[in-house]
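Dear colleague,

Please find below the structure for your files. My findings follow it, and I would be grateful if you read them with the coordinates open.

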Amino acid sequence: MFTSAKGVSDERQEFLESAKAHRIERESHRRLHHSSTLIQSVVRGFLTRRRLQNEIRREFDELMAQLMDTNDDTVVQYVDAIRIYELIRKFMFILDTNKDDKRFERMCKYMIATMNLTDNCRPLEDGLERRQITYVSVVFNKQMAVQWIQQLKTVLWKCCQYLK
């Protein structure tokens with residue numbers, strides 16, 4: 001009539017072990033899900049950064065192809081200095097000293113060429129005056145003066161690193 005205490009304790013022990021096994025399995029599943037989500041986010045971030053770098057390099061190459069002669073890197077046309085400033089800002093953000101050495105050199109040549117303008121320079125966009133073309137003119141824009149100085153310091157520092 002009465003069940004033995006040992007039988008109840010065995011059932012209870014089995015139940016507790018089963019609950020513990022389920023709990024461990026759920027925790028393992030949560031860890032696996034968290035790990036897979038973390039791996040996916042790292043890969044997505046990596047792919048997004050690569051896509052951004054390639055897009056900026058493509059934009060840079062397209063504009064420089066319009067502005068400079070590909071054979072001897074002489075400037076054939078000029079654009080608005082603010083447009084170049086923005087392009088340089090993007091380019092310096094993704095600059096890789098191993099991949100972008102030629103791009104950096106072309107950028108520096110263009111910057112120097114805008115400061116040594118001659119009378120026969122051709123602007124790419126109609127209506128641009130000489131003072132709008134030269135890279136130094138960006139400093140006269142109040143909103144961009146501090147960022148321009150910082151950009152120029154960064155470019156000069158990279159030049160020093162390339163010279164080492």
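I begin with Asp 100, which is buried, with a relative accessible area of 0%. Please note that the model is a predicted one. Asp 100 lies in the loop between helix 2 and helix 3. With its neighbours within four places in sequence left aside, Asp 100 is in contact with Arg 57, Phe 91, Ile 94, Leu 95 and Tyr 162.

One of these contacts involves a partner of opposite charge. The side chains of Asp 100 and Arg 57 form a salt bridge, at 2.8 Å from N to O. Because Arg 57 lies in helix 1 and Asp 100 in the loop between helix 2 and helix 3, this pair ties together parts that are 43 residues apart in sequence. Arg 57 counts as buried too, since its relative accessibility is 7% and the cut-off for burial is under 20%. The pair also belongs to a network of salt bridges that links Arg 57, Asp 61, Asp 100 and Arg 103.

The overall architecture is as follows. The chain has five helices and zero strands, and its pattern along the sequence reads α-α-α-α-α. Of its 164 residues, 26% are buried. The chain exposes about 12200 Å², of which carbon and sulfur atoms supply 56%. Among contacts with a separation of 6 or more, 68% are between residues 24 or more positions apart.

Two of the helices were examined for their span and their buried residues. Helix 2 has 14 residues and reaches 20 Å from its first C-alpha to its last, close to the 20 Å expected at 1.5 Å a residue. Its buried residues are Ala 81, Ile 84, Tyr 85, Leu 87, Ile 88, Phe 91, Met 92 and Ile 94. Phe 91 and Ile 94 also appear among the contacts of Asp 100. In helix 3, the end C-alpha atoms are 22 Å apart, which agrees with the 21 Å that its 15 residues should span at 1.5 Å a residue. The buried residues of helix 3 are Phe 104, Arg 106, Met 107, Cys 108, Tyr 110, Met 111, Ala 113 and Thr 114.

Tyr 110 leads to the aromatic pairs. The structure holds four of them. In one, Tyr 78 and Tyr 110 are tilted, with 5.9 Å from centre to centre and 40° between the planes. This pair links distant parts of the chain: Tyr 78 is in the loop between helix 1 (5-67) and helix 2 (81-94), whereas Tyr 110 is in helix 3 (residues 101-115), 32 residues away. Are the two partners buried or exposed? Tyr 78 has a relative accessibility of 7% and therefore counts as buried. Tyr 110 is likewise buried, with a relative accessible area of 2%.

I return now to the salt bridges, of which the count is nine. Besides the pair described above, two lie within single helices. Arg 31 forms a salt bridge with Glu 27, with 3.5 Å between the closest N and O atoms. Both residues lie in helix 1, four residues apart, about one turn of the helix. Arg 31 is exposed, its relative accessible area being 57%, while Glu 27 counts as partly exposed at 32% relative accessibility.

The second of these joins Glu 86 and Arg 89, whose side chains meet at 2.6 Å, N to O. Both residues are in helix 2, three residues apart, about one turn of the helix. Glu 86 counts as partly exposed at 25% relative accessibility, and Arg 89 counts as partly exposed at 44%. For contrast, Arg 57 and Asp 100 are both buried.

Lastly, the surface carries a nonpolar patch. Ile 39, Val 43, Phe 46 and Leu 47 form this patch, with about 360 Å² of accessible area together. Phe 46 is found in helix 1 and, at 39% relative accessibility, counts as partly exposed.

When you open the model, I suggest starting from Asp 100 and its salt bridge with Arg 57, then turning to the tilted pair of Tyr 78 and Tyr 110.

With kind regards

Note on methods. Residues numbered from 1 in each chain as written. Predicted model: local features only at pLDDT ≥ 70, side-chain atom pairs only at ≥ 80, totals over all residues. Heavy atoms only, no water. Phe/Tyr/Trp six-rings, centres within 6.5 Å; stacked < 30°, edge-to-face > 60°. Buried < 20%, exposed > 50% of the residue type's maximum accessible area, 1.4 Å probe, protein only. Contact = heavy atoms within 4.5 Å. Areas by Shrake-Rupley, 256 points an atom, 1.4 Å probe, with all protein chains shown as cover. Patch = residues over 30% accessible without salt bridge, like charges linked within 9 Å, V, L, I, M, F, W, Y side chains within 5 Å. Salt bridge = Lys/Arg side-chain N within 4 Å of Asp/Glu carboxyl O. Expected span 1.5 Å × (residues − 1).
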